[in-house]
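Open the structure in your viewer and keep the selection panel at hand. The tour goes stop by stop.

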Amino acid sequence: KEAAAESGRKVRLLGDLHGPRPRTSVAPGGGVFLKTGCEIILCAGSEPLRADRITIDCQELIQALSPGARVLMNDGAVELAVLEKAAEGARCKVIRGGVLEGRKGVNAPGVALDLPPLMDKDRADLDCMAAAGFDSVALSFVRDAGSVRAVRDYLNSRKYRLHLVAKIERAEALDNLEEILDAAGSVLVARGDLGVEIGLEHVPAAQKRVLKLAAALGRESITSTQILESMRNIPVPTRAEVSDIYNAGLDGTGWR
């Protein structure tokens, strides 16, 4: 904020709200290695991850799982298949293994979760964002307009002036897209989780649909995830990344 004022530039600070998003617990060292074909237990809890036992912070997800369900973690890098429910959780087979780090997102496509849109931690984080002078807040795990209204009601009750950005990262959000856009000031196409939820091959069409509707309704929009992924390691983007950014702009990404 100080640097922006000194340079005469307006910089909007966007905070990312955790929301009711299931995540893995902490991991020792750099994570645990899950071997493809092995069986593990998936359960709720807070103990560190083990190669034979993965704990997550959402008991409701464990309860909602049934044999045959897919569980994806770390943006789909690790995939499990539920074999059966057990007393301590769910017995799963590792379909796609690899290193799993702590505090990574957990998705179960097609499994309905009835979680409140605003958790106690989210309220505390909103208080912190408002006190720190943030301008906008991105809402995670948005399913419908009710998810947006719950946050807006809390902001209004505290007289906070934070602009709402609804993250489209769930299949349910695509089903309720127009009502979400009506309720939110802006929209963000979160391609990482969206790709896990609906399949990578469907993301480009979904991105175009979201951005087209946002433009038609006069809503600001953001496109995120792996925009400049290669620049973590090299100083210039790839041609594919440049084309991706260019096409995201053509699709309608931007502030109005």
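What follows is a short walk through a predicted model.

**Stop 1: the sheet.** Select strands 1, 10, 11, 12 and 13. They form an open sheet of 5 strands in the order 1-10-11-12-13, with parallel pairing. Strand 1 and strand 13 (220–224) are the edges, each pairing on one side only. From one strand to the next, the twist averages 25 degrees.

**Stop 2: strands 1 and 10.** Zoom in on residues 136–139, which make up strand 10; 3 bridges join this strand to strand 1, and the two run parallel. Find Leu 14: Ser 136 in strand 10 stands opposite.

**Stop 3: the helices on the sheet.** Select helix 4 (residues 145–158). This helix packs on the sheet and touches strand 10 and strand 11 (163–168). Its direction makes about 160 degrees with that of strand 11. Now add helix 8 (residues 203–216), which lies across strand 11, strand 12 (186–190) and strand 13. Helix 8 runs at about 170 degrees to strand 12.

**Stop 4: helix 7.** Select residues 191–198. Of these 8 residues, 7 are buried, so helix 7 is largely enclosed by the rest of the structure. Among the buried ones are Arg 191, Asp 193 and Glu 197. Step on to Gly 199, which follows helix 7 and has a positive phi, near 95 degrees.

**Stop 5: Thr 24.** Go to the loop between strand 1 (14–16) and strand 2 (32–34), where Thr 24 sits. Is Thr 24 buried or exposed? Thr 24 counts as buried because its relative accessibility is 0%. Its side chain reaches the backbone oxygen of Glu 101 at 3.4 Å. Beyond its neighbours within four places in sequence, Thr 24 contacts residues including Leu 49, Ile 56, Met 73, Leu 100 and Val 106.

Notes. Residues are numbered from 1 along each chain as its sequence is written. This is a predicted model: local features need pLDDT of at least 70, side-chain atom pairs count only at pLDDT 80 or more; totals for chains, interfaces and linings use all residues. Side-chain values use heavy atoms; hydrogens and water are left out. Helices (H or I, at least four residues) and strands (E, at least two) are DSSP runs, numbered from the N terminus. Buried means under 20% relative accessible area, exposed over 50%, partly exposed in between (1.4 Å probe, protein chains only). A polar contact is a pair of N or O atoms within 3.5 Å; within protein, one must be able to donate a hydrogen and the other to accept it, and residues adjacent in sequence count only if both atoms are side-chain atoms. Contact means heavy atoms within 4.5 Å. Two strands pair if DSSP finds at least two bridges between them. Axes are lines fitted to C-alpha atoms, for helices over the stretch in contact, and angles run from 0 to 180 degrees between N-to-C directions.
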